[in-house]
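Student: I am new to this structure and would like a close look at its salt bridges and at what surrounds them. Could you walk me through that part slowly?

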Amino acid sequence: MSIFAELQRRGLIAQMSHEKEIEELLDSGKPVKFYVGFDATADSLHVGHMLQLITMQRLQKAGHYPIALLGTATTLIGDPSGKDSLRKMLDNEQIAHNAECFRRQMSRFLDFSEGKSEIVRNGDWFLEIRYLEFLRDVGRHFSVNKMLTAKCFETRLEKGLTFLEFNYMLLQSYDFLHLYRTKDVKLQLGGDDQWSNILAGADLVRRTEQGEAFAMTFALLATKEGKKMGKTEKGAIWLDADRCPPYDFFQYFRNVDDADVIMLLKKMTFVPIEKIEEMERTLSGVELNSAKELLAFELTKMVHGEEEAAKVLEAAKAVFASGGVDENMPTVTVSDEQINILDLLVISGLCKSKREARTSVEQGAVSINREKVSDVNANIEIEDFVIVQKGKKNFVRAVLEKRESI
């Protein structure tokens with residue numbers, strides 16, 4: 001099966017500027033240089049980035065040459081796409097730190113050895129550009145009227161789009177032009193929320209260089225109901241183990257809705273598509289638990305390594321067994337032998353506040369060692385450890401802090 005056919009069969013492609021030409025380019029048998037941009041807005045990548053990295057990895061395995069562009073310049077402005085307020089302004093030091101964190105995480109997905117792929121930073125060329133020359137050479141190719149119709153500006157226009165943000169499309173487009181000129185890049189990929197920016201970049205290359213430049217976007221990770229995936233009550237699903245422990249990462253995908261597991265297996269794993277389609281035909285109801293377990297294991301293995309994936313798989317099985325406990329499940333240390341249930345829920349991270357903890361207890365969603373707690377004033381005795389549970393799927397082991405005898 002050709003790589004283009006596989007991308008389509010897995011439901012990855014959302015939009016393309018030139019479908020026939022892109023298909024011929026990817027299936028020509030010759031390495032194609034393409035890039036995906038990542039603004040360094042945090043010190044960790046998240047699940048949304050992961051979909052893009054896995055797709056880059058697919059194309060690399062097919063013989064193509066991925067370039068990961070770190071937006072050390074564009075992050076200074078902030079992408080307005082889908083935002084209802086101005087992004088938080090970061091300084092150069094923060095952005096450089098975040099970009100380095102991204103680089104380390106990306107190396108888990110892409111082979112950055114010579115001739116295989118590379119990482120570039122757009123601050124390397126934007127800091128040398130003169131503003132008046134940029135306006136004359138690049139800005140003249142953009143129609144303000146057309147830009148204002150772009151979906152990426154839609155939400156911000158309602159609240160008040162700043163001129164700072166308005167420049168973002170020009171900068172992202174120039175990235176494509178620069179990489180076309182210096183590295184012979186012909187294709188830009190990205191999430192479908194970036195369609196307007198990516199298409200503008202391809203158009204800029206065609207206008208200024210009369211060359212071949214193409215745009216293609218991935219379908220965003222969304223549930224069957226259209227809700228964006230990658231967040232829980234605790235926040236975003238990060239790839240950094242300190243921000244999202246491997247157990248929590250595993251559990252997020254182990255507990256996806258039945259309607260979404262096949263879609264996620266197709267888009268985010270390297271499980272053969274024929275095997276996934278067979279699951280789609282034959283599995284239903286509780287049988288889908290095996291597919292969810294496979295999904296969670298494969299993705300945890302990509303992000304945290306096979307050994308860690310095996311540990312959290314074992315922990316998850318132990319937790320869901322009758323009264324099972326495993327040393328690899330999420331653990332917090334408690335200093336007092338007796339603690340109020342609301343304080344314990346907050347310390348464990350299962351609730352963000354006492355108000356949320358109170359509501360959870362009153363709704364009957366909290367258990368200690370599998371026994372439901374209904375009294376918000378209950379004090380929990382901890383001799384060694386207790387298993388704190390919120391809902392059906394969230395567990396934490398609270399361990400009493402060991403103190404040396406005097």
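Tutor: Happily; we will start with the salt bridges and then turn to the cores, the cysteines and a surface patch.

A word on the model comes before that: it is predicted, so local features need pLDDT of at least 70 and side-chain atom pairs count only at pLDDT 80 or more, while totals for chains, interfaces and linings use all residues. Residues are numbered from 1 along each chain as its sequence is written, and side-chain values use heavy atoms, with hydrogens and water left out.

Side chains of opposite charge can pair when their charged atoms come close. Here a salt bridge is a side-chain nitrogen of Lys or Arg within 4 Å of a carboxyl oxygen of Asp or Glu, and the structure holds 18 of them. Take lysine 292 and aspartate 258, whose side chains meet with N and O 2.6 Å apart. This pair links distant parts of the chain, 34 residues apart: lysine 292 sits in helix H15 and aspartate 258 in helix H13 (residues 258-268). Helices (H or I, at least four residues) and strands (E, at least two) are DSSP runs, numbered from the N terminus. Lysine 292 is buried, at 8% relative accessible area, whereas aspartate 258 is partly exposed, at 35%. Those words have set limits: buried is under 20% relative accessible area, exposed is over 50%, and partly exposed is in between (1.4 Å probe, protein chains only).

Another salt bridge joins arginine 121 to glutamate 100, with the closest N and O atoms 4.0 Å apart. Because arginine 121 is in strand S4 (residues 118-121) and glutamate 100 in helix H4 (residues 92-106), the pair ties together parts that are 21 residues apart in sequence. Both partners are also in a network, in which shared salt-bridge partners join Glu100, Arg103, Arg104 and Arg121.

Glutamate 274 and arginine 9 form a further salt bridge, again with 4.0 Å between the closest N and O atoms. Glutamate 274 belongs to helix H14 (residues 273-282) and arginine 9 to helix H1 (residues 3-9), 265 residues apart. Glutamate 274 is partly exposed at 43%, and arginine 9 is partly exposed at 35%.

Now for the interior. A nonpolar core is a set of buried Ala, Val, Leu, Ile, Met, Phe, Trp, Tyr and Cys residues joined through side-chain atoms within 4.5 Å. The largest one has 77 residues, and Phe38, Met50, Phe249 and Phe253 have the most contacts inside it. Helix H15 (residues 288-304) gives the most to this core, with nine residues. Apart from it lies another core of 33 residues, Tyr168 and Met169 among them.

What about the cysteines? With a disulfide taken as a pair of cysteine sulfur atoms within 2.5 Å, the count is zero. Cysteine 244 has its closest cysteine sulfur, in cysteine 101, 16 Å away, which is too far for a bond. Cysteine 351 is in no disulfide either, since the nearest cysteine sulfur, that of cysteine 244, is 17 Å away. Cysteine 244 is buried at 5%, and cysteine 351 is buried at 3%.

Last, the surface: Tyr131, Leu132, Leu135 and Phe163 form a nonpolar patch there, with about 460 Å² of accessible area together. Helix H6 (residues 131-137) gives the most to this patch, with three residues. Patches are made of residues with over 30% relative accessible area and no salt bridge, like charges being joined within 9 Å and nonpolar side chains (Val, Leu, Ile, Met, Phe, Trp, Tyr) within 5 Å. Accessible areas come from the Shrake-Rupley method with a 1.4 Å probe, and for residues only the protein chains shown count as cover.
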